[in-house]
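Me: I have a structure open and I'd like to learn how to read it. Can you walk me through some features, one at a time?

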Amino acid sequence: MTKAVRRFLPVVVIAAAVVFPFMAGPYPLAVAQSVLISMALAVSWDMLLRSGQISFGIAGFFGIGAYGAALTTLKLSASPIISILLAGACSAAVAFMLGFVILRLRKVYFAITTLALAEIFQVIIHNWGDFTGGPEGIVLPSLIFNGDARSLYWLALASVLLACALSALFQRSRLRFALTAVRNNEVSARSSGIAIFSYLMIAFVTTSFLQGIIGGIHVQIYGYASPDSVFDANYTLLPLAMALLGGTYSTPGPVLGAVLLGVASEYLKLKIPYGHLVVYGIIIVLVILLLPAGLYGQYRKRVKARAAHA
Amino acid sequence: MRKAFVAIACFALIGAAAFAQGVIKLGANWPLGDVSGMECSKAAQLAVDEINKAGGVLGKQLQLVVVDDEGKGDKGVAAIEKLATVDKVDVLLGGIASGVAVAQVPIMKKYQIVTVATGAAASASVEKALGPSPGSDWYFHLHPWDYNQGQSYFEGWDAIQKKYPNVKISKIFLAYEEGAFGKSSFDASNAIFGSRYTFDGASFKSALQGGSDYSAALEAAKDFKPDLFIWAGYAQDALPLLEQSKAMKFSPPIYLGAPPAWPTDIGKSPLAEDIMLYGMWAPSINDISPISKKFSDSYVAANGTGPTSYFAALSYSAVYIIADAIKRARGTDREKLISALEATKYASPLGETITFTPSKIIKHQGIKNQKILQWQNGRQEVIWPFEVQSKPLVYPLPSWK
Amino acid sequence: MRVVVTRSIARPGRTWQPVLLIALTVIGTAAISVWKPTALVYGVQRAGLYAAVAIPMALILGIVHIVNLAHGELMMVAAYLSYFAARLLGLDPFVSLVPVAVVMAIFGLLVYLLTVKHALKAPELNQLILTFGLAIALSQTVNLMFTSQSWKLSLGYVSASATVGDVSFGVFDFVYVAAAIALAAGLQLFLKRTRMGKAALAVGQNPRGAAIVGIDVGKTYAFVFALAVGLVGGVGSLFLAKQAIFPMVGGPYTMKSFCLVAMAGVGNIVGILYCSLALGLAESIIDGIRGYAGWSNMVFFVIIIATILVRSWRERKV
Amino acid sequence: MPDLQTFALTKRFGGLLAVNNVSFSLGRGEILGVIGPNGAGKTTFINLVSGVYAPSSGRIHFKGRDITNLAAHKRARAGLARTFQIIHPLENLNVVENVMPGFLFTRRSSLKEARKSAEALCGSLGLGGLDRDVSEITMLETKKLEIAHALANDPSVLFLDEVMAGLNVDETTEVVRLVQSVAREKNIGVGVVEHVMSVIRDLTHRVIVLEAGEIIAAGPYEEVAKNPRVIAAYLGGAA
């Protein structure tokens, strides 16, 4: 692939994604919409992973965002778009406060703590019935854009573009160096003058903000939030699997992984009504065993190998 | 005048001719990975096959297209989009979980395809989202709402106390699973029973969600000394709850379970004997209702075993109700089909004749009544309504053997 | 996740944690026995089940260094096997425990050889997703074969009851407590006293060093993985005796086990007993407070976070 | 006045005294050798000075300022730099990008400036093929990269932790020359931890010898090499 192609490919892909609603019916749009939500989450998760911190709390911040948007819509009569921004702000604020404590943790301890936090958020929402509607959840009076399928799709796409834009910004700024250095070796990173905590905080708050925004968009698209639905562990595991299958530490990787898994799961469902999830699980196992670096990672390796031979 | 009449007749004929080609498509979504959803799909297919074998509807064959909603809102929405735009179905049916239905309502409103819903009991979310007539007239809700169920039980216990003078109920305790299903059961029961009875409740974590211990809720119940003890959880909780009650020596005069489905093998447990339950359909109705027997026999013939919950009977009924309405509407024209459905009088396998009447918000509510049953000799026997009673009530629950 | 195992897997060690937990337990015990003695009983019983399921996971994590997200699903598969043994052959779960454990160990070996083995050198996240994929494949296969309906044996002895004063409570669950203690003690003996166990311990602490002194690391990993799956298989059999089983029954236990293992400290098997006890009691107490039962789900996670934070704070002080 | 001074610096790990009562100083332009048998506390000493560990007691002064409690990254910004015994180049980054962090984070350069400066620095160290992936470079280049990585901080004091290990004789000579010229041109103080005695002899102006965390001798190499305690320590260490 030449440099020119590599430069224009994202533009072509984005353009295709934007005009997709004019070529596809409502059903592919509805499928694409839920794939896009997972895709945006996958990209956001990868952004924090670049610092070496593995978050298992995606569903937590996604859920806070969903409830943030639903509650600001209902209680403050915020307009849908404002409520989505507030959703991001809620998640970011929670992440910022928690960050002071949990960003001191590493590896499995950070992972478990984020997992536990997501559970705690859910229990609070579940039990704080007077404010949050309790286990039965919240129904919004109307969908954003009056439920127009194309607009909903574009909104979901916007969340992906926002995530990709921030991810690209991470990759093109000093953050890339800071996060890579921290992931690589913290002592060495400090010796280069990197204030590790600050950069972890930036990454954590930014990705939580994104997850909040995505949660807000989700609730405005589907008009409904309940503790079981928006804190579903699948909102953690699915994006994680997507990013790994596509290839981590990059923007295209999670995007690719989301398309692969998202389309595969819907296609399998139509072909094998009973038991499609068995095949889905086997696909995950096989891809991890056969393509350990993920699709994009494998591609990058090949490009490198070719460059080395030339 | 005559010209106009001829024109209309011609249109009608052309329309009928177009209609005569192809099939009538019924679109459905259920969670196929769930046993109730799977049984719904099989029961609906059974009804479709029976109707087709008998010559179809208006000479057409029915075709059932089922999409798995996986019990998730976004998948449920995509399923409706597919059924509406790719398969272009004439009628929709299906659904179990309220959480899926509430996400589907906006998209269903967009297409306004005539729908016969087999699930979704949560009035506070689903019925509210549907809104009042005429905006929701295309929606025919077969399954009772949560408050319909509560009201029905209230009437049932009233009737039972009148018929059996030795049954005296003044205190009712509800142990409910902590999720949406249990909480809405509690809220609905509290609103209905609270006025007349001393009512209390405690929540527990269902085994479905990883719980394993009911002791806290059972202890609260034991301290309360209820005349009627009810639990609202899932099939997974049924036997463990009974076993723990026995271990704790908690034996209320009436012990009643209200899960959406019972485990198939629970009848074999001696602990289940004389336990009461709420439900809509049980194999014992076969003794009273030939329609039920026909449904049950053909279901067993097709699938080897009988259905584990009333949802199968509900879906089977939905297909017959739709087929009958299409017949009377002489087609699938939306307005005519709605009018035809409104006039539904379907003697169902549930042991009652289904009609559609207004509920609190929507105009077309099907079943409103529940049944009170009792496990006797490993079978669910109907106690109330007395018209379909299959065995006399055993009261009080003999203390644990 | 590959975490340097600083403390010996077999030695509880002179760490603060058991001390603190014992103190907490003593205070808790005193408080509860005055207020609601049964909460204590149920707390201990709950702890037994948690610990019995978690210990085999700790074994895999401590020695093979794999977080096995299919752990609960393997228990579920074992419970199904045991169910069929009961239905078709009339075997009591306490009898089928042994053959089921053996079958599961063989199954575990297969899973290891076919999948996990090939991901040992992969980044820990890949291992995580691999076992996550296995978990989906296992639970969905069972769902496809036997539907989502729940099955349960009806055994009289699980309602065994004891009465103290005017309170009656179930005693069967003490089986889980016994199982957990037996597992922990058995593994301690195995790791410290047997040749194979010592080798496994050496591999867990330093695979390279172990290879240098002539231990076959690959075989040790395979053995430990199979052993752990066999053990969780036995626990699955016991689980079946009391609980209803269905394809998704394992998932929550994977998560609880994972949290417990992290809380006890990677590789610390005895620590799991203490941590389970603390969590079981805490949950049971909150459960017993009327109207607040729903919050007991949070206690588990709050305590885990607190433990992890205290531990990290202490480690930084060194 | 010397740039870096320590006063009775001590570090205990549990019962083990890793560094005991070490006082020393290092000025600009000076090259100081730090030697001692394995486990003598050399690397721990560097870790204390660069802020990896907090000392159990004692003080560290840098440019007249007490930095004993200053965070590691702030010490780096103040002008302390070091290399690592075990080198971790940044994966997924090429050679020049591996040198950029120091410019980016201690000197707050923009990305563009940092890239330019890093290229220039690599050039001055004779490090070419800047857009290669770090996985493709030779051992000598890895060492140069590690030195460049540290020099990117624009340090006034630089510690080299066994930077010659694994190099052949010719390569060692090249790196020794490089270090000498860097120290002279940039006028920085260099602390060299090394096992190869010829390197210490050729490179350093002054040597301190650690044993069991304590300074047992100090002075020019020739003098220290004759010190019977030093000889005993090395023999003991070897035996």
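Reply: Sure, let's start with contacts: two residues are in contact if their C-beta atoms, placed from the backbone, lie within 7 Å. This is a predicted model, where local features need pLDDT of at least 70, side-chain atom pairs count only at pLDDT 80 or more, and totals for chains, interfaces and linings use all residues. Residues are numbered from 1 along each chain as its sequence is written, while chains are lettered from A and ligands numbered from 1 in the order in which they are written.

Me: Which residues does A:A241 touch, leaving out those up to four places away in sequence?

Reply: A:A241 touches A:L261 and A:I284 in chain A, and C:I129 and C:F132 in chain C.

Me: And what is a nonpolar core?

Reply: A nonpolar core is a set of buried Ala, Val, Leu, Ile, Met, Phe, Trp, Tyr and Cys residues joined through C-beta atoms within 7 Å. Buried means 20 or more other C-beta atoms within 10 Å of the residue's own, exposed means 12 or fewer, and partly exposed is in between, with C-beta atoms placed from the backbone. Here the largest core has 448 residues, and A:A241 is one of those that touch the most other members, together with B:I322, C:I55, C:V224, C:V261 and C:I272. Helix α2 (residues 37-64) of chain C supplies the largest share of this core, 20 residues.

Me: How many residues do chains C and A bring to their contact?

Reply: Each side counts 32: 32 residues of chain C are in contact with 32 residues of chain A. On the chain C side, the elements giving two or more residues are α5 (124-146), α10 (251-264) and α12 (296-317). Helices (H or I, at least four residues) and strands (E, at least two) are DSSP runs, numbered from the N terminus. α5(C) gives the most, with 12 residues. For the classes, Ala, Val, Leu, Ile, Met, Phe, Trp, Tyr, Cys and Pro count as nonpolar, Asp, Glu, Lys and Arg as charged, and the others, Gly among them, as polar. That side of chain C has 23 nonpolar, 9 polar and no charged residues.

Me: What about chains B and C?

Reply: That contact takes 35 residues from chain B and 31 from chain C. On the chain B side, α9(B) gives the most, with 6 residues. The classes there are 14 nonpolar, 11 polar and 10 charged.

Me: How do I read strand pairing?

Reply: Two strands pair if DSSP finds at least two bridges between them. Take strand β10 (residues 276-279) of chain B: 2 bridges join strand β9 (residues 254-257) to β10(B), and the two run parallel. B:G257 has B:L277 as its bridge partner. With strand β13 (residues 371-376) of chain B, β10(B) pairs in the antiparallel sense over 4 bridges, and B:G279 is partnered by B:K371. Both faces of β10(B) are covered, with B:M276 and B:Y278 buried on one side and B:L277 and B:G279 buried on the other.

Me: Is B:E342 buried or partly exposed?

Reply: B:E342 counts as partly exposed because 15 other C-beta atoms lie within 10 Å. B:E342 sits in helix α12 (residues 334-342) of chain B. Leaving aside neighbours within four places in sequence, B:E342 is in contact with B:F356 and B:H364.
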